[in-house]
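I opened the model and kept notes as I went. The entries below follow the order of my lookups.

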Amino acid sequence: MQEINADIQQVLAQALSAIGLSARWEQRAFPQHTGDGYVAGLDPEVLPALVGCFPGALSDVLHDYRRQHAGKSVLQLRVSVHVGPLPSSGLGVPMVETHRLLDDEKLRNLLKNANPQRTNTVMIISQRVYEDVFQSGLDTGATISDDFAQSIARAKKFAQPAWLHVPGLDWGLADRSLFEVPEQHTSAFSSSAQEAQQEEARPASAPSFVQLGNRNNQAQNQYFYGTGDPR
């Protein structure tokens, strides 16, 4: 587990360096190990680059990692991105919600069912992140909004709209009926989301993580944005 975590930090640093975010990574807030994953907070200004350029860069680095470590278990990563105000400790509702996004079963299945030699990265972002990035008009590289498939992220009592992304996948070629898409402006969903948010707002213990797969290492990687103490 220690070796996996060290490898994760290395590939994260390389991928962020490739998109010009090394300095921001060095200044990350509330970095934490999660067993087979890693979590940290970055300045909200980098959100378009993190959503638009980072997944592809991370996938490239992981492919290089696989080639350089022939015979070693393939490293795959699930990534969740959420945005919201957090104190310097990182403890708060956005932190809990990002863990819940990462635990979404559909996200897990995307990586579980993928050929690890071809697909090593899957991402989920919150509705707020999707709107902030793609309504801002800021540069997201070659990534466009249609590269994300809308769904409902569910974990425990959490249920919120979210968007799924697999670098290199054209969702127009996929069966979108596989995903539960939220109805627009329905009171039923709003009520469900409010109940989930109230539940998530209660104090919770640190999330636990279970390593998936048999011959492949499937790790977790989470990003949060805190405006309470941007460092």
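**Entry 1: salt bridges**

How many salt bridges does the structure hold? I found eight. I keep in mind that this is a predicted model.

I looked up Asp7 and Lys72 to begin with. Their side chains meet in a salt bridge, at 3.1 Å from N to O. The pair links distant parts of the chain: Asp7 sits in helix H1, Lys72 in the loop between H4 and E3, and they are 65 residues apart. I checked burial for both partners. Asp7 counts as buried because its relative accessibility is 12%, under the 20% cut-off. Lys72, at 31%, counts as partly exposed.

Next I took Glu45 and Arg24. They form a salt bridge, and the closest N and O atoms are 3.1 Å apart. This pair also links distant parts of the chain, with Glu45 in the loop between E2 and H3 and Arg24 in helix H2 (residues 22–26), 21 residues apart. Glu45 is exposed at 60% relative accessibility. Arg24 is partly exposed, with a relative accessible area of 29%.

Then I turned to Asp132 and Arg128. Their closest N and O atoms are 3.9 Å apart, and they form a salt bridge. Both lie in helix H7, four residues apart, so about one helical turn separates them. Asp132 is partly exposed at 37% relative accessibility. Arg128 is partly exposed too, with a relative accessible area of 44%.

I also traced shared partners. Glu3, Asp7 and Lys72 are joined into one network by salt bridges that share partners.

**Entry 2: the whole chain**

I stepped back to the overall figures. The chain has eight helices and seven strands. It has 231 residues, and 49% of them count as buried. The exposed area is about 11,200 Å², and carbon and sulfur atoms supply 47% of it.

How much of the contact set comes from residues 24 or more positions apart? I read 75% of the contacts with a separation of 6 or more.

**Entry 3: nonpolar cores**

I looked for nonpolar cores next. In soluble globular proteins, nonpolar side chains tend to be buried together. The largest core here has 33 residues. Which residues have the most contacts inside it? They are Phe54, Leu58, Val81, Ile125 and Val129. Helices and strands both feed this core with two or more residues each: H1 (2–18), H3 (47–52), H4 (54–68) and H7 (127–134) among the helices, and E2 (37–41), E3 (75–81) and E4 (121–126) among the strands.

I noted a second, separate core of 14 residues. Leu101, Leu102, Val122 and Ala149 are included in it.

**Entry 4: strands E3 and E4**

I went back to E3 and E4. Is E4 enclosed by the rest of the structure, or open to the outside, and why? Six of its six residues are buried, so E4 is largely enclosed. Both faces are covered. Thr121, Met123 and Ile125 lie on one side, Val122, Ile124 and Ser126 on the other.

E3 reads in a similar way. Seven of its seven residues are buried, so the rest of the structure largely encloses E3. Leu75, Leu77, Val79 and Val81 are on one side, and Gln76, Arg78 and Ser80 are on the other. I note that Gln76, Arg78 and Ser80 are buried.

How do E3 and E4 run, parallel or antiparallel? They run parallel, joined by five bridges. Ser80 has Ile124 of E4 as its bridge partner. E4 also pairs with strand E6 (residues 158–165), antiparallel, through four bridges. Here Ser126 stands opposite Ala162 in E6.

**Entry 5: positive phi**

Last, I looked at backbone angles. Most residues other than glycine have a negative phi. I checked two residues with positive values.

Phe30 has a phi near 30°. Phe30 is found in strand E1 (residues 29–33). It is buried, at 7% relative accessibility.

Lys156 has a phi near 55°. Its place is in the loop between strand E5 (149–155) and E6. Is Lys156 buried or exposed? Lys156 is exposed, because its relative accessible area is 73%, over the 50% cut-off.

Technical notes:
Residues numbered from 1 in each chain as written. Predicted model: local features only at pLDDT ≥ 70, side-chain atom pairs only at ≥ 80, totals over all residues. Heavy atoms only, no water. Buried < 20%, exposed > 50% of the residue type's maximum accessible area, 1.4 Å probe, protein only. Contact = heavy atoms within 4.5 Å. Areas by Shrake-Rupley, 256 points an atom, 1.4 Å probe, with all protein chains shown as cover. Core = buried A, V, L, I, M, F, W, Y, C linked by side-chain atoms within 4.5 Å. Pairing = 2+ DSSP bridges. Salt bridge = Lys/Arg side-chain N within 4 Å of Asp/Glu carboxyl O.
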